[in-house]
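Biologist: I have a model open with several chains, and I would like to understand the words used to describe it. Could we go through them together?

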4 protein chains.
Amino acid sequence: MQFYEKGQPIYLQIADYVCERVLQNTWEPGRKIPSVRELAVQLAVNPNTVMRTYDFLKQLGVIYDKRGIGYFVTDDAIEKARIYLKEDFMNRELPILFRSMYLLGLEPEDLKSDFNFYKQQYNENKQ
Amino acid sequence: MQFYEKGQPIYLQIADYVCERVLQNTWEPGRKIPSVRELAVQLAVNPNTVMRTYDFLKQLGVIYDKRGIGYFVTDDAIEKARIYLKEDFMNRELPILFRSMYLLGLEPEDLKSDFNFYKQQYNENKQ
Amino acid sequence: MQFYEKGQPIYLQIADYVCERVLQNTWEPGRKIPSVRELAVQLAVNPNTVMRTYDFLKQLGVIYDKRGIGYFVTDDAIEKARIYLKEDFMNRELPILFRSMYLLGLEPEDLKSDFNFYKQQYNENKQ
Amino acid sequence: MQFYEKGQPIYLQIADYVCERVLQNTWEPGRKIPSVRELAVQLAVNPNTVMRTYDFLKQLGVIYDKRGIGYFVTDDAIEKARIYLKEDFMNRELPILFRSMYLLGLEPEDLKSDFNFYKQQYNENKQ
DNA sequence: GTGGTCTAGACCACC
DNA sequence: GTGGTCTAGACCACA
């Protein structure tokens, strides 16, 4: 994972990273996620930054902590993560996308077939 | 203009920059565009990098050069620029978008109303 | 190889050099050609200059690259190389030749016997 | 005039220059040609070099000198110049040309139409 | 190792 | 002034 999107703090980028794992069910509800220090090493980031991410996700209700044990995915994390990512997507990615589509004269309908193709490909690779 | 999109060379980012101006008719066909050195100073970039962009756009048929005079927008630049940007959009932006949409369970139809809202806003700001 | 033909950039002279090897089948389709740095050392030229040549030949479809591996001669390189060299010959060498022929009152027919002699000599040396 | 053909001494390049003027009848038989010093200045060359050229052309019978007056074109200079240039052409230019033609699979016949077009163009520009 | 990008600075030809 | 070429040297990603 690389951190380069200027304007987006690293701790939020890591929050995206965690939420995506939750949505993909890679990190399923109830599961223990990596410790602050572990993830900090994995992502080559300061532990304080990961701490801030976990704090943020705890407030969102995506994870909770058992003192002295670690952090765990909440039962309704998938829904919470989806809500968060969706909001993030709407506010940050969509405007950029819409600008391109507007310039190119594309409509959402024009993406249909390509999107279906993408999903098909994605599922095949998954298997 | 800032250059931060990793994975996308600066000279191609500048090409996008020029193509968007062409599509918006800010730089209309026949018009002289900034000299290599001028744009290099404006964008705080090495002249060689801008030279490379202009070379690239010359090959695409978006601009042409008069030696000793400068670079000019070709007559069919709008079409050429649209083709290039569309291809670029399809190859680079769409996959990222689709990934987000897939994760969030969104379909192209779900973007319709937001896109119409965006277009409306855009046109109001334009006026 | 020496670079002295004024008016012809070095990187294009190197392109001629490569194309001639392709036409002579010294560098046959599919073969790996010298790396950018290798050829730069061989020709006592800056690597950037060779890079520019390879970029140019890639656009012509004479060679293609495998990132991290090297450059290779394409399957239809011979045809592509011939087209390029022929165009170059027509635009650059022929006018000089025709001027001399015009001054000397020579016609293409007058070259026939000499050309046949040349080809004969060439083939003998080849054997 | 620029002197860059390596392997061909400058004084011979100037001889070509003079002979071409004779063949084009720009410097007609009997005419006084520029003095050694004059031509040396024109061509930005050392007078000794021009002296050597004139010496060479005197031996060829293309020019002769009247001591204290200057150099003049001989009566049969056109023929002599043609012989010299032709020999030069045959020995130096043709091999290079033939190599290209051989590589490209061209025959002298293939040049016919292009040469006729060239002559036509040349004569039109002359008028 | 490979290709690819970028900078800094130089020089040239053309206008 | 303009574009165009070239060098030297640096850094990156990929394999």
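Modeller: Gladly! Let me begin with how copies are compared: they are superposed by least squares on the C-alpha atoms of residues with pLDDT of at least 70 in both. Please keep in mind that this is a predicted model.

Biologist: What rotation and what shift superpose chain C on chain D?

Modeller: Chain C lands on chain D after a rotation of 180 degrees, with 0.0 Å of shift along the axis and an RMSD of 0.3 Å. In chain C, Pro108(C) has the C-alpha nearest that axis, 2.8 Å from it. The same surface serves both copies, as 100% of the contact residues of chain C recur in chain D.

Biologist: And what relates chain B to chain A?

Modeller: A rotation of 180 degrees with 0.0 Å of shift along its axis superposes chain B on chain A, and the RMSD is 0.3 Å. Such a relation is that of a two-fold axis. Within chain B, the C-alpha nearest the axis belongs to Pro108(B), at 2.8 Å. Here too the same surface serves both copies: 100% of the contact residues of chain B recur in chain A.

Biologist: What makes up the contact between chain B and chain A?

Modeller: Chain B brings 27 residues to it and chain A brings 28. On the side of chain B, helix H1 (10-23), helix H4 (77-104) and helix H5 (108-126) each supply at least two residues. The largest share, 13 residues, comes from H4(B). By class, that side of chain B has 16 nonpolar, two polar and nine charged residues.

Biologist: How many residues of chain C are in contact with chain D, and how many of chain D with chain C?

Modeller: There are 27 residues of chain C in contact with 28 residues of chain D. H1, helix H4 (77-104) and helix H5 (112-126) of chain C each give two or more residues to this side. H4(C) gives the most, with 13 residues. The side of chain C divides into 16 nonpolar, two polar and nine charged residues.

Biologist: How do you know that chain A and chain C are not in contact?

Modeller: The cut-off for a contact is 7 Å between C-beta atoms placed from the backbone. No contact joins chain A and chain C, and their closest C-alpha atoms lie 21 Å apart. Chain B and chain D have no contact either, again with 21 Å between their closest C-alpha atoms.

Biologist: Why is H4(C) called roughly antiparallel to H4(D)?

Modeller: The axes of H4(C) and H4(D) come within 11 Å and cross at roughly 165 degrees. Angles over 145 degrees count as roughly antiparallel, so H4(C) is roughly antiparallel to H4(D). The crossing of the two helices is left-handed. Among the residues of H4(C) that meet H4(D) are Leu85(C), Phe89(C) and Leu97(C), and those on the H4(D) side include Leu85(D), Phe89(D) and Leu97(D). By class, this contact has ten nonpolar, two polar and six charged residues.

Biologist: And what makes H1(D) oblique to H3(D)?

Modeller: H1(D) and H3(D) pack at an angle of about 60 degrees, with their axes 9 Å apart. Roughly parallel needs an angle under 35 degrees, and roughly perpendicular begins at 65. The angle therefore falls into the remaining class, and H1(D) is oblique to H3(D). H1(D) passes H3(D) in a right-handed crossing. Ile10(D), Ile14(D) and Val18(D) are among the H1(D) residues of this contact, while the H3(D) residues include Val50(D), Phe56(D) and Leu57(D). The contact has eight nonpolar, two polar and one charged residues.

Biologist: Which residues come nearest to DNA strand E?

Modeller: A residue is near a strand if its C-beta atom lies within 6 Å of it. Of the 22 residues around DNA strand E, Ile10(B), Asn46(B), Thr49(B), Gly68(B) and Ser35(C) come nearest. By class, the surface near this strand has nine nonpolar, eight polar and five charged residues.

Biologist: What surrounds DNA strand F?

Modeller: DNA strand F is surrounded by 21 residues, and the closest are Ser35(B), Ile10(C), Asn46(C), Thr49(C) and Gly68(C). At least two residues each come from H2, H3 and S2 of chain B, and from H1 and H3 of chain C. The surface near DNA strand F has eight nonpolar, eight polar and five charged residues.

Note on methods:
Residues numbered from 1 in each chain as written. Chains lettered and ligands numbered in written order. Predicted model: local features only at pLDDT ≥ 70, side-chain atom pairs only at ≥ 80, totals over all residues. Helix = DSSP H or I, 4+ residues; strand = E, 2+ residues; numbered from the N terminus. Nonpolar A, V, L, I, M, F, W, Y, C, P; charged D, E, K, R; others polar. Contact = placed C-beta atoms within 7 Å. Axes fitted to C-alpha atoms, helices over the stretch in contact; angles between N-to-C directions. Parallel < 35°, antiparallel > 145°, perpendicular 65-115°, else oblique. Left-handed = near helix turned anticlockwise from the far one by under 90°.
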